[in-house]
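Hi,

Here is the structure I promised to pass on. Have a look at it first, and my notes on what turned up follow underneath.

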Amino acid sequence: MKIKFSINYSTAWRQSVWVYGSISQLGSKNEANAIMMDYVSPTKWSVIIDVPKADKIEYTYLIKENGRIVKREAEAHILSFDNDNDFIVSDMWNDAPEQK
């Protein structure tokens, strides 16, 4: 099945959005193997990956600048599947809750 990941995120110059997760096509939870997303517009990034049928995928977005990770999401996203249809996922960045 194919999954299109997309996220609205406004990056600074020379920054890019990456995604990694619990399956090998997303780097097997290893940030070093994250997949770079495609720049679509000033606030939109996306990537399409082919994945084998899975029951659940956990994934996280991160921001890189000049090859260095400069920001990570606070919590992972979780996708659960009950069939092998293609999916389009539109996400928002998961920031840590504000500390008071």
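Let me start with strand pairing: β2 and β6 run antiparallel and are joined by 7 bridges. One place to find this pairing by eye is Ser-16, whose bridge partner in β6 is Lys-64. Before you read too far, please keep in mind that this is a predicted model.

**Around β6**

β6 covers residues 56–65, and 7 of its 10 residues are buried, so the rest of the structure largely encloses this strand. Besides β2, it has other partners. β6 pairs with β8 in the antiparallel sense over 4 bridges, and Lys-56 stands opposite Ser-80 of β8. Another 4 bridges join β6 to β7, and these two strands also run antiparallel. Here Glu-65 has Arg-68 in β7 as its bridge partner. The hairpin of β6 and β7 has 2 residues between the strands, and in it Asn-66 takes a positive phi near 55°.

That hairpin also comes up when you look at Arg-14, a residue in the loop between β1 (2–8) and β2 (15–21). Which residues does Arg-14 contact, leaving aside its neighbours within four places in sequence? They are Lys-64, Glu-65 and Asn-66. From Arg-14 to Asn-66 the C-alpha to C-alpha distance is 6.7 Å, although 52 residues separate them in sequence. Arg-14 itself is exposed, because its relative accessible area is 57% and the cut-off for exposed is over 50%.

**The open sheet**

There is also an open sheet of 4 strands, in the order β4-β5-β1-β9, with mixed pairing. Its edge strands are β4 (38–41) and β9 (87–92), each of which pairs on one side only. On average, neighbouring strands in this sheet are turned by 25° against each other, ignoring direction.

Within the sheet, β4 and β5 (residues 44–50) run antiparallel and are joined by 3 bridges. If you want to spot them on screen, look for Tyr-39, which stands opposite Trp-45 in β5. Ser-46 is also in strand β5. Is Ser-46 buried or exposed? Ser-46 is buried, since its relative accessible area is 9% and buried means under 20%. Not counting neighbours within four places in sequence, Ser-46 is in contact with Lys-4, Phe-5, Ser-6, Met-37, Asp-38 and Val-40.

**Salt bridges**

How many salt bridges does the structure hold? The count is 3.

- Asp-50 forms a salt bridge with Lys-2, with the closest N and O atoms 2.8 Å apart. This pair links distant parts of the chain, as Asp-50 is in strand β5 and Lys-2 in strand β1, 48 residues apart. Asp-50 is partly exposed at 49% relative accessibility, and Lys-2 is partly exposed as well, with a relative accessible area of 38%.
- Glu-31 and Arg-72 meet through their side chains at 2.6 Å, N to O. Glu-31 lies in the loop between β2 and β3 (35–36) and Arg-72 in strand β7, so this salt bridge ties together parts that are 41 residues apart in sequence. Arg-72 is partly exposed, with a relative accessible area of 46%.
- Glu-58 and Lys-56 make a salt bridge at 3.7 Å, N to O. Glu-58 is partly exposed, with a relative accessible area of 27%, and Lys-56 counts as partly exposed at 46% relative accessibility.

**A buried Glu without a salt bridge**

The residue I would look at next is Glu-73, in the loop between β7 (68–72) and β8 (77–80). Glu-73 is buried yet has no salt bridge. The nearest side chain of opposite charge belongs to Lys-71, and that is 9.2 Å away, whereas a salt bridge needs the nitrogen and the carboxyl oxygen within 4 Å.

What does the side chain of Glu-73 reach at 2.8 Å? It reaches the backbone nitrogen of Tyr-61. A polar atom of the Glu-73 side chain also lies 2.8 Å from the backbone nitrogen of Asn-94. Setting aside residues up to four places away in sequence, Glu-73 touches Thr-60, Tyr-61, Met-92, Trp-93 and Asn-94.

That's what I have for now. Shout if anything is unclear.

Cheers

Conventions
Residues numbered from 1 in each chain as written. Predicted model: local features only at pLDDT ≥ 70, side-chain atom pairs only at ≥ 80, totals over all residues. Heavy atoms only, no water. Buried < 20%, exposed > 50% of the residue type's maximum accessible area, 1.4 Å probe, protein only. Contact = heavy atoms within 4.5 Å. Lys, Arg positive; Asp, Glu negative; His and termini not counted. Polar contact = N/O pair within 3.5 Å; in protein donor to acceptor, adjacent residues only side chain to side chain. Pairing = 2+ DSSP bridges. Axes fitted to C-alpha atoms, helices over the stretch in contact; angles between N-to-C directions.
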